[in-house]
Amino acid sequence: MKYLFGPVNSRRLGISLGVDLVPYKTCSLNCVYCECGETDRLTAEIREYAPSSEVIDELGRYLSRKPVLDVITFAGSGEPTLHSGIGGILDFIKDNYPAYRVVVLTNGTLLYRDDVRKSLLRADTIIPSLDAAGDAAFTAINRPAPGITAQRLIDGLVRLREEFGGEILLEIFIVPGINDTPDELQRIKNACERILPNRIQLNTLDRPGTEARIKPATPNRMKEIGEFFSTFPVDVVGAPRRHNEPAVAADAMNLQRIIIETLERRPSTLDDLRDSLGVGENDLRAVIDALVSENLVEVKSLERGDFYTIKK
Ligand code: SF4
């Protein structure tokens, strides 16, 4: 599969088939915590980065097998709203496979544009990010492409709320020492009072980020910040939920390919891979050990466990 990946066991969404519309790593931001690594192509230019017809063909082939999924998620190794065809691809899913929920993970930076907001209106859930409302913190954390500002991002989110009838889950990624100061948290809260998200999801580092100097906020600090935002429904994002049934039983022939596709986009622990791919631990370990010994995959030890990631 060229444009689809997973399904992965997302912490927030459950069993999620990913649709990746832009080449690695094309984004309008270069966030210090990005789990996909440094942004090579920092741009706010909207264009057809992958042929929409090829993406639609691949989706049609995959979904015709009626896989058990919680959601189809536009996400991956960059910013999906940079792709000019996202609206048409979303329409294809909703017209032909309406039973699947569609989620768009976006950094929100292009939502100030009328055409981008319009292209997302058939999604069920949009998960935009807002890590900072002040320019200094925004620049320090998100390192935007020219022309992208915190104010523009916030204005786009306010207009999305006015036009979009689905669910908006606003993600705030806490970077200790940058956006957890009282002033910055208050600025973000003021912006939330204009955006009116259905829920706020507070997140902090869980996987290897772009910058080794970035550390996670402690559980106590996350709890305090959760209380600060408690005028909204707020989740401090936790461990992935477990599923009794595997999403797709990965066959042995394809297991290595599926693992590589997953790790290219998302560093994962053995538990994450086992739950999302529906394979036994022994089979999984054999493939992972082989990839590590071939120097294709490396291991990073973090608090939540050993994360496997593709060696760059
Ligand atoms: S976290 Fe998202 S918005 Fe930030 S650089 Fe990575 S892909 Fe882009």
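Across which strands does helix α7 lie, and at about what angle does it run to β10? In this predicted model, helix α7, residues 219-228, lies across β9 (199-203) and β10, and it runs at about 175° to β10. Let's use that helix as a way into the sheet.

The sheet is an open one, built from 8 strands in the order β1-β2-β5-β6-β7-β8-β9-β10, with mixed pairing. Its edge strands are β1, residues 4-10, and β10, residues 234-236, each of which pairs on one side only. On average, and with direction ignored, neighbouring strands of this sheet are turned by 25° against each other. Strands of a sheet pair through backbone hydrogen bonds, in either a parallel or an antiparallel sense.

Both senses can be found here if you follow the strand order. β1 and β2 pair in the antiparallel sense over 5 bridges, and Phe-5 stands opposite Gly-18 in β2. Further along, strand β6 (residues 101-106) pairs with strand β7 (residues 125-128) in the parallel sense, over 4 bridges. There, Leu-105 has Ile-127 of β7 as its bridge partner.

Come back now to β1. This edge strand is mostly covered, with 6 of its 7 residues buried. Helix α9, residues 270-277, lies across β1 and β2 (14-19) and runs at about 115° to β1.

That brings us to the domains. The domain assignment of the protein chain gives domain 1 as 4-236 and domain 2 as 252-310. Taken over C-alpha atoms, the centres of the two domains are separated by 24 Å. Their contact takes 15 residues from domain 1 and 13 residues from domain 2. On the side of domain 1 that touches domain 2, β1 and β2 each supply at least two residues, and the largest share, 5 residues, comes from β1. By class, that side of domain 1 has 6 nonpolar, 5 polar and 4 charged residues.

For a contrast with β1, look at Asn-220, which sits in helix α7. Asn-220 counts as exposed because it has 8 other C-beta atoms within 10 Å, and the cut-off for exposed is 12 or fewer. The C-alpha atoms of Asn-220 and Asp-283 are separated by 38 Å, while the two residues are 63 residues apart along the chain.

Finally, the ligand. The residues around it are Cys-27, Leu-29, Asn-30, Cys-31, Cys-34, Cys-36, Thr-39, Gly-78, Glu-79 and Asn-107. This shell divides into 5 nonpolar, 4 polar and 1 charged.

Key. Residues numbered from 1 in each chain as written. Predicted model: local features only at pLDDT ≥ 70, side-chain atom pairs only at ≥ 80, totals over all residues. Near = placed C-beta within 6 Å. Nonpolar A, V, L, I, M, F, W, Y, C, P; charged D, E, K, R; others polar. Pairing = 2+ DSSP bridges. Axes fitted to C-alpha atoms, helices over the stretch in contact; angles between N-to-C directions. Contact = placed C-beta atoms within 7 Å. Buried ≥ 20, exposed ≤ 12 C-beta atoms within 10 Å, placed from the backbone. Domains from an automatic or database assignment.
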